Amino acid sequence: MKLRTFKGETMAAALAQVKRAWGDRAVILRTRNFCEGGVLGVGGRNVVEITATDDAGAAAESGRTTAPSREPPLVEAARSRIGELGVTPARDVERDDGPSHRLAHEVEAIRDMVQQVLSETRRGRQPDLSDDLLAYYTRLIGQHVADEIARRLIDEVRAALIEEHPTGSFSAADVETHVTDRIARMLPHGAPLTIGNGQRKVVALVGPTGVGKTTTAAKLAAQFKLRERRRVGLITADTYRIAAVEQLKVYASILDVPLEVVMSPQDMPAAMDRLASCDLVLIDTAGRSQRDASRLSELKRHLDAARPDEVHLVVAGNVSEAAALEVIRRFSVVAPHRLIFSKIDEAVTVGLILNVLAHIGPRISYLTTGQSVPNDIEPATGRRLAELILRRPVASSDAPPCAHSGPIARIHASDAARLDEGKALLRSA
Ligand SMILES: Nc1nc2c(ncn2[C@@H]2O[C@H](COP(=O)(O)OP(=O)(O)OP(=O)(O)O)[C@@H](O)[C@H]2O)c(=O)[nH]1
Ligand SMILES: [Mg+2]
């Protein structure tokens with residue numbers, strides 16, 4: 001049996017040589033596709049090698065022919081796997097056997113990858129995005145932004161940066177701009193209280209005990225009376241505590257606005273009538289434990305009698321996400337329109353706001369930031385949120401927060417594991 005190998009850059013070229021040597025008598029015994037020279041195939045050349053004979057008998061003995069009637073199972077399996085992967089085999093190696101076929105694809109893929117890395121390095125671009133992205137991811141996690149939200153946000157920023165800077169030459173400031181934009185988009189216009197000209201609004205503040213409803217009512221009354229020059233009236237439906245009525249009376253007298261004390265839902269319509277000339281009527285309600293269903297029903301009866309245009313649920317910004325979500329869920333019986341996050345000044349981290357936004361949509365009206373009336377309140381906007389998240393010092397188990405820690409966050413020990421996991425996922429994305 002006469003065996004010979006023929007090499008060409010393509011299957012067609014190698015076959016042409018076989019044909020030239022033995023014409024139709026040629027029997028192909030084996031084909032092989034490999035790279036010759038270069039590093040990992042880079043810079044080398046593709047070679048197709050055919051082992052053939054002109055001895056038909058020997059070929060019959062080996063059970064191989066030029067056109068096997070049925071492919072061996074391995075080849076079939078390889079072809080179907082390639083089909084599953086959506087890879088179109090190169091025409092030149094179509095008739096190759098299974099393992100070498102797969103190998104050829106793998107070598108080709110590795111070569112493409114190495115070539116890409118080399119060309120990126122030549123252009124001076126880091127194949128992994130800069131540490132800035134990871135630093136911002138770290139900061140989000142440090143502020144207790146939920147991991148999936150932080151990762152989605154950073155992935156979006158990464159995509160935007162690649163589109164904007166195809167050469168990869170972006171700065172830390174570019175990263176900050178995009179992170180800020182992405183956060184801002186979660187609460188694009190804010191949802192503060194607005195009263196159009198000639199419009200009248202009745203707004204009720206509800207929430208758990210001690211979250212700052214009465215103080216917030218006073219802040220809003222002052223803002224609208226003093227800054228917007230609106231006629232403001234106050235109603236308190238909190239007659240459980242004498243101190244609560246007294247508290248609002250003090251604010252009402254300082255601000256020189258009328259105050260109505262409503263003892264029961266039946267008193268509400270008359271109180272509303274007496275404040276008919278006000279542009280804004282603010283109803284302060286008694287704090288209710290979100291777990292006290294009967295007290296929540298009573299609150300609902302008060303609101304049904306008042307029929308406010310808007311109900312703002314005050315949620316403390318310094319509680320856990322689970323606690324905030326429970327409050328939101330339980331107070332859904334009074335169908336709040338907006339959320340006010342209070343005591344942001346006392347919150348160690350502010351990621352809670354982003355996490356809640358993801359649940360309820362852009363319906364946060366105000367952030368309250370201290371005890372001082374009327375100043376410590378501001379409309380919640382995406383830009384402000386971004387500023388709080390990116391600028392606020394992050395809590396650390398081993399160091400006190402500093403005034404401004406910059407984008408590189410210090411991380412609580414309990415977050416370290418999920419941070420590492422998230423970073424690994426981001427790197428592999
Ligand atoms: N640090 C901080 N304290 C606040 C803020 N808002 C209110 N407080 C304080 O929280 C305490 C409770 O405030 P209130 O306005 O009485 O709370 P409330 O929700 O009306 O309470 P109840 O009527 O008892 O349910 C007071 O000491 C306020 O000064 C805030 O934004 N930051
Ligand atoms: Mg109160």
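In the predicted model, Leu339 is in contact with Leu313, Val315, Ile328, Val356, Ile360, Arg363, Ile364, Ser365 and Tyr366, when neighbours within four places in sequence are set aside. Leu339 also belongs to the largest nonpolar core, which comprises 61 residues. Within this core, the residues with the most contacts are Ile183, Ile235, Leu339, Phe341, Ile364 and Ile389. At least three residues of the core come from domain 2 (128-189 + 386-429), and at least three come from domain 3 (201-380). Another core, of 25 residues, lies apart from the largest one and includes Leu205, Ala222, Leu280 and Ala316.

Strand 9 spans residues 338-342 and contains Ser342. With a relative accessible area of 0%, Ser342 is buried, because the limit for a buried residue is 20%. Beyond four places in sequence, the contacts of Ser342 are made with Val211, Val314, Val315, Ala316, Gly317, Asn318 and Thr368. Val315 thus appears among the contacts of Ser342 and among those of Leu339. Ala316, another contact of Ser342, is one of the residues of the 25-residue core.

Helix 13, formed by residues 351-360, is mostly covered, with eight of its ten residues buried. The buried positions are Gly351, Leu352, Ile353, Leu354, Asn355, Val356, Leu357 and Ile360. Two of these residues, Val356 and Ile360, are in contact with Leu339. Immediately after helix 13, Gly361 adopts a positive phi of about 85°.

Ala271 is located in helix 10 and has a relative accessible area of 1%, which places it in the buried class. Residues touched by Ala271, other than those up to four places away in sequence, are Ile235, Glu260 and Val262. Of these, Ile235 is listed among the residues with the most contacts inside the largest core. The C-alpha atoms of Ala271 and Val261 are separated by 7.8 Å, the two residues being ten apart along the chain.

The loop between helix 10 (268-274) and strand 7 (280-284) holds Asp279. Despite its charged side chain, Asp279 counts as buried at 12% relative accessibility, since the buried class extends to values under 20%. Asp279 touches Ile195, Gln199, Arg200, Lys201, Arg230 and Arg231, residues up to four places away in sequence being left out. A second aspartate, Asp174, lies in helix 7, which covers residues 172-186. Asp174 is partly exposed, its relative accessible area being 22%. Asp174 touches Leu161 and His165, not counting residues up to four places away in sequence. The C-alpha atoms of Asp174 and Val157 are 9.7 Å apart, and the two residues are 17 apart in sequence.

Two residues other than glycine with positive phi values were examined in loops. Arg229 has a phi near 55° and is placed in the loop between helix 8 (213-227) and strand 5 (232-236). With a relative accessible area of 69%, Arg229 is exposed. For Arg307, phi is positive at about 45°, and the residue is found in the loop between helix 11 (293-306) and strand 8 (310-316). Arg307 is likewise exposed, at 68% relative accessibility. A further backbone feature is the cis peptide bond that joins Val373 and Pro374, with omega of about 10°. Pro374 is situated in the loop between strand 10 (364-368) and strand 11 (377-379).

Two cavities of 30 Å³ or more are present in the structure. The volume of the second largest cavity is about 40 Å³. Its lining is formed by Ala237, Thr285, Ala286, Arg288, Leu299 and His302. By class, this lining consists of three nonpolar residues, two polar residues and one charged residue.

For the protein as a whole, 15 helices and eleven strands are assigned. Buried residues account for 46% of the 429 residues. Among contacts between residues at least 6 apart in sequence, 71% join residues at least 24 apart.

Conventions. Residues numbered from 1 in each chain as written. Chains lettered and ligands numbered in written order. Predicted model: local features only at pLDDT ≥ 70, side-chain atom pairs only at ≥ 80, totals over all residues. Heavy atoms only, no water. Core = buried A, V, L, I, M, F, W, Y, C linked by side-chain atoms within 4.5 Å. Buried < 20%, exposed > 50% of the residue type's maximum accessible area, 1.4 Å probe, protein only. Domains from an automatic or database assignment. Contact = heavy atoms within 4.5 Å. Helix = DSSP H or I, 4+ residues; strand = E, 2+ residues; numbered from the N terminus. 1 Å grid on protein atoms, 1.4 Å probe; cavity = no way out; pocket = protein on both sides within 12 Å on 5 of 7 lines; lining within 4 Å. Points joined across faces, edges and corners; volume = space filled by probe spheres on them.
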